[in-house]
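Let's walk through this model together, starting from a single residue and working outwards. Keep the structure open beside the text.

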Amino acid sequence: LNERKFILAANWKMNKTNTEAAEFVSKLVGQIKTEDKFEVIVCPPYTALEKVRDITSSSNIKVGAQNVYYEDKGAYTGEISVNMLKDIGVEYVILGHSERRHIFKESDGLINKKLKKVIVSGLTPILCVGEQLEEREKGLTFNVVERQIKEALYGLTEEEARTIVIAYEPVWAIGTGKVATPNQAQEVHEFIRDLLKDIFNEEFAENTAILYGGSIKPNNYLGLFGKPDIDGGLVGGASLTEDFVELANIMK
Ligand code: PEP
């Protein structure tokens with residue numbers, strides 16, 4: 001029997017001031033009920049992390065950052081270290097989000113360095129992978145996802161990589177309202193699980209949570225989360241509104 005948790009993670013992206021974040025997350029704390037096998041993670045912008053951590057500390061809701069740098073400290077203007085996140089009680093870090101890859105030109109090599117740092121520090125990474133529309137149309141979905149995962153995990157042992165959470169987010173489905181069909185998503189999730197088996201072993205693959213992300217809403221989650229290799233969701237747009245409460249409470 002696998003030990004995977006079902007996870008619902010909120011990626012707020014560059015949305016909500018500290019004041020707005022506090023107001024919204026106070027509502028979540030009152031309305032979302034988590035359980036041992038069901039984890040809810042909220043990832044606000046850096047400026048709201050500490051406030052959101054304070055407000056969620058009376059609940060089981062966990063807090064994640066949307067990015068981090070791999071150096072410990074020094075002359076890296078604009079960057080944030082793992083210790084800065086740990087010091088304020090952050091437990092998760094999203095890495096390799098498609099917006100980081102495409103707008104901010106993050107390479108697989110950079111993501112690999114960040115992933116190593118996050119894992120060694122004891123934070124839990126949520127590694128995002130996914131193909132762009134033209135890659136899917138050319139039949140390259142599996143190649144792209146395989147390259148992103150292999151390069152991100154390069155140099156990590158099974159023991160080190162054990163805490164990783166993977167999010168499959170087809171780029172054409174992010175923020176577009178075009179959700180992958182349950183079968184399209186399941187096919188890639190199964191591919192990722194098989195890949196993890198090849199890279200490490202079956203136990204590792206069975207215990208790794210693989211989330212789907214891309215235009216999840218309360219009216220389209222059902223088919224997706226019934227699939228055997230889909231262990232939850234990474235939610236952007238719908239995580240900024242009451243829709244997130246609805247998703248959390250129906251998923252439980
Ligand atoms: C995301 O950015 O991780 C995401 C899934 O966004 P959306 O739900 O808005 O497509």
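Ile41 lies in strand β2, where helices (H or I, at least four residues) and strands (E, at least two) are DSSP runs numbered from the N terminus. Ile41 counts as buried because it has 24 C-beta neighbours inside 10 Å. The cut-offs here: 20 or more other C-beta atoms within 10 Å of a residue's own make it buried, 12 or fewer make it exposed, and anything in between is partly exposed, with C-beta atoms placed from the backbone. Leaving aside neighbours within four places in sequence, Ile41 is in contact with Ile7, Ala9, Ala10, Lys62, Gly64 and Tyr92; contact means that the C-beta atoms, placed from the backbone, lie within 7 Å. Leu8 is 33 residues away along the chain, yet its C-alpha atom and that of Ile41 are separated by 6.3 Å.

A word on the ground rules. This is a predicted model, in which local features need pLDDT of at least 70 and side-chain atom pairs count only at pLDDT 80 or more, while totals for chains, interfaces and linings use all residues. Residues are numbered from 1 along each chain as its sequence is written.

Now step across to β3. Ile41 stands opposite Lys62 in that strand, and two bridges join β2 to β3, which run parallel. Two strands pair if DSSP finds at least two bridges between them. Within β3 (residues 62–65), Lys62 and Gly64 point one way and Val63 and Ala65 the other, and all are buried. In a regular strand the side chains alternate between the two faces of the sheet.

Zoom out and the pairing goes all the way round: eight strands close into a barrel in the order β1-β2-β3-β4-β5-β6-β7-β8, with parallel pairing. Neighbouring strands of this sheet are turned by 25° against each other on average, direction ignored. Axes here are lines fitted to C-alpha atoms, for helices over the stretch in contact, and angles run from 0 to 180 degrees between N-to-C directions.

Further round, four bridges join β4 (residues 92–95) to β5 (residues 124–129), again parallel. One pair to look for is Leu95 and its bridge partner in β5, Leu127. Helix α5 (residues 108–121) packs on the sheet here, touching β4 and β5, and its direction makes about 170° with that of β4. Helix α9 (residues 182–199) lies across β6 (165–168) and β7 (210–213), running at about 145° to β6.

What about helix α12 (residues 243–251)? Phe244, Leu247 and Ala248 are buried there. Seen down the axis of α12, its buried residues fall within an arc of 95° (taken from the directions from the helix axis to the C-beta atoms), so they line one face of the helix. Covering them are, among others, β1 (6–11), α1 (18–31), β2 (38–43), α11 (221–225) and β8 (232–235).

Next, the ligand. It is surrounded by 13 residues, the closest being Ile174, Gly175, Gly213, Gly236 and Gly237; a residue is near a molecule if its C-beta atom, placed from the backbone, lies within 6 Å of it. The shell divides into five nonpolar, seven polar and one charged.

Finally, two loops. Lys16, between β1 and α1, has a positive phi of about 80° although it is not a glycine. Lys105, in the loop between α4 (98–102) and α5, has a positive phi too, near 55°. With 8 C-beta neighbours inside 10 Å, Lys105 counts as exposed.

How values were computed. Two residues are in contact if their C-beta atoms, placed from the backbone, lie within 7 Å. Ala, Val, Leu, Ile, Met, Phe, Trp, Tyr, Cys and Pro count as nonpolar, Asp, Glu, Lys and Arg as charged, and the others, Gly among them, as polar.
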